[in-house]
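The following exercises concern confidence, strand pairing and the contact between chains. Each task is followed by a worked solution.

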Amino acid sequence: MNTKQLHIYRPGIIPMLIIVQAIVLVPLWFYMPLWISLSTIALLIAKYLTYRFQIKIPYWVIVLLVLASLAGVYLQFRTISGREAGIGLISLMYAFKLLEAKNYRDAALILFISFFILVTSFLFSETIWMGLYLMLAMVAILMGIIALNSLHGIQGLKNIGKLSGVALLQALPIMILLFFLFPRLPGPLWAMPSDSEAGTGISDSMNPGDIGALHTFDDIAFRVDFVTKAPSNSQMYWRGLVFSEFDGFTWREGERSPLRQVEQVVSQPEYQYKVQLEPHKNRWIFGLEDVVTPPNGVFLFNDHTWRRPQKVNQRFLYQAQSYKIDYSSYKLSDWQKEQNLKLPDASNEKTKKWAIEQYATVQSAQDFISLILNTIRQQPYRYTLTPEILEQEIIDGFWLGTREGFCEHYSSAFVFIMRAAGIPARVVTGYQGGEYNPYGDYYIVRQSDAHAWTEVWLEGEGWRRVDPTAAIHPSRVDVSLQNQVGARDDWFGEFGKESGLQLPTGLLQKLSLRWDALQSFWNETLMGYDQDAQHDWLSKLGIKHSQWRYLGYALLITILLSGLVFGLWILSKSRNRDTVEISYIRLLNKLKAQGFNIRMNEGPYDISSRLEQESPELYAASKPLFEQYIRLRYQKNYPSKVAIQHFKQSVSAFKL
Amino acid sequence: MQQLLAPVLSQLNKVVLGKPHQVKLSVACLLARGHLLIEDLPGMGKTTLGQAIAKVFGLDFQRIQFTSDILPADIVGANIFDREKGTFEFHKGPVFSQLILADEINRATPKAQSALLEAMEETQVTVEGQTFQLPEPFFVIATQNPSHQIGTYSLPESQLDRFLFKVELGYPDPGFEKILLKGHSGRVRLDTLETMLEIDKLIEIQGQVDKVMVSEHLLSYVMDLINATRQSPDFAHGISPRGGLALVGAAKAWALLENRDFVLPEDIQQVFGPTVVHRLQSVTTSSSNAQQAVDDILQQTPVPA
């Protein structure tokens with residue numbers, strides 16, 4: 001059936017195209033620059049108005065607008081390629097295409113491009129909701145294609161919807177097959193240069209006040225699934241960065257070097273776990289302390305932190321192990337000692353003096369640690385997320401003055417005091433604890449679990465973790481911060497109000513945990529199905545590593561071949577055209593080129609009589625041709641070759 | 001041919017106002033030796049059409065009003081005892097005429113219906129072993145009320161097949177309605193009609209219909225259409241080969257009315273609806289759906305180039 005003869009000004013087709021386009025663009029509107037989103041909305045509205053009131057926009061206006069938006073995209077991104085700019089540009093062009101669409105071909109093009117543009121939304125968000133939305137949007141596009149090709153347009157919407165749902169279901173097995181078997185590329189498919197958007201989570205320096213802001217985020221930082229056993233919540237310190245340099249105001253990472261060789265491991269791994277790290281646009285990744293074996297492609301540094309060569313711009317899945325390591329025989333090198341003892345000159349002198357005085361009263365470094373922790377415990381040190389702002393001599397101001405703050409204040413003061421007393425110490429930031437999800441058997445670590453603690457070097461023992469914040473109140477690390485809000489109003493009262501957190505209680509909490517379990521499954525199994533996962537899966541099926549590539553080729557060839565066979569089959573139906581047919585179609589195409597519309601169910605006599613009324617010149621020129629054609633086709637069964645050739649030549653010669 | 005048939009059509013159109021297409025279909029039906037089924041509400045001019053055709057072609061005309069108590073003998077006739085001769089004699093029923101208007105055929109019981117329908121199929125009547133030939137030409141115009149009306153026995157599909165066309169007259173256009181209301185009734189206008197065609201001329205034309213050229217190329221279009229009815233989800237089953245033959249025959253008659261001695265796809269399109277709608281059983285019961293689905297098939301089946 002030659003659907004190309006269907007024109008798009010049948011009732012409902014243009015509104016249908018507008019709706020499909022809006023459905024495709026909706027998710028992008030949240031991520032594209034405002035002016036691009038608004039422009040596409042305006043173009044859709046413009047299309048509707050021109051359709052509704054039969055306005056014709058001059059061609060040059062459209063050309064100008066296209067050029068202007070091209071320039072706009074370039075000015076915005078300083079490029080027209082790359083993820084953001086590319087998507088912005090294609091969305092604009094997509095909307096322009098609809099504005100100027102006037103025939104079947106344009107409409108079909110818009111609908112097919114819709115599939116591509118729809119998928120770009122996935123580059124911004126990979127959540128389940130997005131997946132579901134894209135699925136539904138796909139149904140809408142299919143409905144559009146069916147309506148465009150149906151004689152009655154959008155009439156019988158229920159049927160069309162059913163049909164497209166069935167089509168999608170029919171495609172599902174192929175989709176699943178391709179999902180599992182289609183060769184995955186190493187690394188993300190969309191390895192485009194990413195924007196310089198600021199990441200969330202902890203940052204690469206620490207000013208007292210930084211982490212306090214984090215507590216108000218309930219976003220998920222990462223999820224952890226322990227393979228065998230899990231440490232208790234109070235022992236779950238997720239190490240991220242180590243700060244060893246302090247200039248009186250800001251803690252920064254010190255110089256460090258990657259460990260080439262991992263320390264000798266004697267025992268079985270203490271903990272084995274899998275992490276789903278949400279993108280935070282930085283290079284560091286998190287692991288339990290006593291980290292030893294980092295995941296593939298990640299460097300381990302001598303302060304036992306991890307770094308990826310690339311930023312974590314997409315959800316990163318990794319596996320890691322932690323081991324108990326005996327550090328008793330380790331020594332700090334001179335420069336490490338110096339690095340972890342260094343204090344800024346002429347800064348916070350009062351605390352320095354206080355520390356030296358206190359150190360003199362104790363026997364050992366261990367005792368000194370106990371003394372300081374006892375001081376925190378016994379003196380009225382308060383934990384608050386909204387401490388007084390200290391602009392100068394922040395350690396003095398906090399330790400000897402306000403005595404209120406949060407983990408940053410405590411850990412930086414603690415390390416400062418240790419160093420002042422000559423004990424090497426450093427600040428560690430990361431996350432502490434995690435919420436256990438019984439429905440998926442994993443832990444959820446949120447941005448609100450961000451924490452800063454310290455490590456103190458003890459000769460013969462190694463680095464010992466000391467959490468001075470825990471000394472404020474022993475239960476601080478046993479239950480996560482959120483749950484304390486209700487119970488300990490006087491400690492966390494302000495925090496609860498300011499962040500506007502609603503306590504998930506009972507059913508609500510269960511539901512949110514179930515939902516998170518589902519999300520975790522989605523992230524790990526579907527979104528995280530990368531090359532490694534595919535190799536694992538295929539080797540489970542008994543396909544060797546060396547063979548999987550051939551499997552991929554075989555799949556590709558099968559698909560291409562079946563496509564070819566299908567295409568040939570379609571072609572063969574229109575293959576055996578004879579000379580008369582070819583010439584007649586040529587004649588009809590010549591008439592169409594003159595703007596004369598021909599329906600597929602019109603016979604030659606009807607066409608000719610309609611020409612007589614609508615375009616006498618065309619009629620006069622084409623009348624003998626139609627007569628010849630009718631004679632060839634309907635008056636004789638076996639016309640002579642001469643007559644056929646004559647008809648062919650007449651059609652070739654036909655023009656206006 | 002045109003000079004013979006054109007005046008016939010114009011005469012008929014003077015009586016049946018505003019329905020040139022239905023009139024032309026009726027004449028085509030007669031030329032193709034088919035029978036005509038008119039389905040419409042009472043008072044739409046069905047009888048007028050039948051009488052006008054009889055008069056214009058000079059056919060002898062009988063009208064049988066079907067009722068629920070009509071018997072087969074009332075239609076075909078019966079053997080009646082003749083006292084003087086002392087024998088049974090066959091008294092011909094109304095079916096022995098060249099044009100029969102079977103009014104409201106679906107009000108009769110199936111037994112009475114089939115008496116007429118058998119006569120139509122075989123053009124002969126058998127009563128108690130005696131066979132009587134029906135006259136030639138033999139043309140039945142049956143009318144039926146829409147089947148949703150009370151007291152109707154729908155004709156079974158196998159008998160609907162005996163009718164070449166089923167046409168609906170429908171309400172007249174407002175313009176013609178006004179003329180109708182102003183002027184004389186159809187009966188009066190009927191009286192002014194003259195016979196335009198002798199019977200042997202009509203039989204000759206019927207013979208010419210058979211000779212109208214149907215090219216192979218056209219047959220491929222017919223087959224596309226028939227296949228479309230067979231594949232359409234709207235119908236329980238498609239057009240039978242006999243239905244296909246009827247379609248070609250009807251198109252030939254139409255082509256002749258168009259003054260051509262060969263059939264064009266346009267002829268097929270003109271007679272397709274009247275020929276197939278009553279032969280198709282719609283999956284849903286509404287007959288307007290069947291009409292719509294048939295129109296769809298016509299629109300969606302391309303004319304082969």
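**Exercise 1.** Determine in which helices of chain B confidence is lowest and highest.

*Solution.* Within chain B, helix α8 (residues 186–191) has the lowest confidence, with a mean of 71, whereas helix α11 (residues 241–257) of chain B has the highest, at 93. Next, set these values against the whole chain: the mean pLDDT of chain B is 85, and 96% of its residues reach 70 or more. Finally, turn to the complex, which is a predicted model; the predictor assigns an ipTM of 0.85 and a pTM of 0.51.

**Exercise 2.** Establish the strand order of the open sheet of 3 strands in chain A, and identify its edge strands.

*Solution.* The order is β1-β5-β4 (chain A), and the pairing is antiparallel. The strands that pair on one side only are β1 (205–206) and β4 (245–246) of chain A, which makes them the edges. Now examine one pairing: β4(A) and β5 (residues 251–252) of chain A run antiparallel and are joined by 2 bridges. At the level of residues, Phe246(A) has Trp251(A), in β5(A), as its bridge partner.

**Exercise 3.** Describe the contact between chain A and chain B, with attention to the side of chain A.

*Solution.* Begin with the count: chain A supplies 18 residues and chain B supplies 18 residues. On the side of chain A that touches chain B, the elements giving two or more residues are α19 (579–593), α20 (604–614) and α21 (616–635) of chain A. Of these, α21(A) contributes the largest share, 4 residues. Lastly, classify the residues on this side of chain A: 8 are nonpolar, 5 polar and 5 charged.

Methods:
Residues numbered from 1 in each chain as written. Chains lettered and ligands numbered in written order. Predicted model: local features only at pLDDT ≥ 70, side-chain atom pairs only at ≥ 80, totals over all residues. Contact = placed C-beta atoms within 7 Å. Nonpolar A, V, L, I, M, F, W, Y, C, P; charged D, E, K, R; others polar. Pairing = 2+ DSSP bridges. pLDDT = per-residue confidence, 0-100.
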